[in-house]
Amino acid sequence: MPNKQSLTTEWTEPEARDEVLSGHMQNDIVRMMLRQFDVYLEANKHLLAQAAGLSLNEYKALEFVLALKPLSPGKLAQLLDLSPSGTQALIARLESAGYLLRKPHPRDGRMTSLYPNQERCKRLIADMDLPAHHIMNATAHYNPKQLTALYDFLSKSLGHLRKDALERLKHKPN
């Protein structure tokens with residue numbers, strides 16, 4: 001990028017700081033959040049799935065069920081891009097391993113929803129939280145005001161990502 005300014009933590013003029021933060025740094029932050037974190041988290045998921053004796057799809061299915069409960073088998077199939085029979089086989093494996101429970105949907109008892117078996121998922125959830133400890137250590141040198149701004153930014157960003165993902169799930173793929 002030929003016109004990219006070098007980033008610094010020493011600011012001589014507030015306007016220069018604001019210009020860099022509003023431009024190049026925001027783009028870098030977005031790229032890091034949406035691409036780089038995703039790549040490293042996917043690699044980490046693979047290792048965590050292996051350690052738990054799960055396939056990567058089984059692990060991802062549990063992640064979706066933990067985050068989006070209640071989740072219908074059809075929505076899980078859509079998220080994992082699996083056929084109905086592939087999804088049913090995956091659900092059966094997770095159910096027989098004790099990770100998943102099928103229950104009637106809370107608002108429409110005719111539908112089946114998937115829920116995590118919290119007791120069986122405790123170890124898995126603890127392992128999922130390991131990367132969070134590294135991130136917490138990385139935030140140790142920030143002051144409360146900086147952490148509050150970071151929290152606000154991430155909360156709003158994740159809120160938009162979650163809303164968009166749930167909205168897309170309402171529509172069948174082409």
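A residue counts as exposed when its relative accessible area is over 50% and as buried when that area is under 20%, with partly exposed covering what lies in between. By that scale Arg-123 is exposed, because its relative accessible area is 64%. The structure is a predicted model, and the path taken here begins at Arg-123, follows the salt bridges, and ends with the packing of two helices.

Side chains of opposite charge can pair when their charged atoms come close. Arg-123 takes part in such a pair with Asp-127, the closest N and O atoms of this salt bridge being 3.6 Å apart. Both residues belong to helix α5, which spans residues 118-128, and they are four residues apart, about one turn of the helix. Across the whole structure, a search finds ten salt bridges.

Another pairing within a single helix is found in α1, residues 14-52, where Glu-42 and Lys-45 are three residues apart, again about one turn of the helix. Their side chains meet in a salt bridge with an N to O distance of 3.0 Å. The two partners fall into separate accessibility classes: Glu-42, at 24% relative accessibility, counts as partly exposed, whereas Lys-45, at 17%, counts as buried because its value is under the 20% limit. This pair also belongs to a network of salt bridges that links Glu-42, Lys-45, Lys-60 and Glu-63.

A further salt bridge joins the side chains of Glu-58 and Arg-93, with an N to O distance of 2.6 Å. Here Glu-58 lies in helix α2 (residues 56-68) and Arg-93 in helix α4 (residues 84-96), so the pair ties together parts that are 35 residues apart in sequence. Glu-58 is buried, with a relative accessible area of 9%, while Arg-93, at 41%, is partly exposed.

Helix α2 leads back to α5, where the path began. Two packed helices are described by the angle between their axes and the distance between the axes. For α2 and α5, the axes come within 12 Å and cross at roughly 105°. Because angles of 65 to 115 degrees count as roughly perpendicular, α2 is described as roughly perpendicular to α5. On the α2 side the contact involves Tyr-59, Leu-62, Glu-63 and Leu-66, which meet Gln-118, Cys-121, Leu-124, Ile-125 and Met-128 of α5. By residue type, the contact of α2 with α5 divides into seven nonpolar, one polar and one charged. Glu-63, which takes part in this helix contact, is also a member of the salt-bridge network that includes Glu-42 and Lys-45.

Notes: Residues numbered from 1 in each chain as written. Predicted model: local features only at pLDDT ≥ 70, side-chain atom pairs only at ≥ 80, totals over all residues. Heavy atoms only, no water. Salt bridge = Lys/Arg side-chain N within 4 Å of Asp/Glu carboxyl O. Helix = DSSP H or I, 4+ residues; strand = E, 2+ residues; numbered from the N terminus. Buried < 20%, exposed > 50% of the residue type's maximum accessible area, 1.4 Å probe, protein only. Axes fitted to C-alpha atoms, helices over the stretch in contact; angles between N-to-C directions. Parallel < 35°, antiparallel > 145°, perpendicular 65-115°, else oblique. Contact = heavy atoms within 4.5 Å. Nonpolar A, V, L, I, M, F, W, Y, C, P; charged D, E, K, R; others polar.
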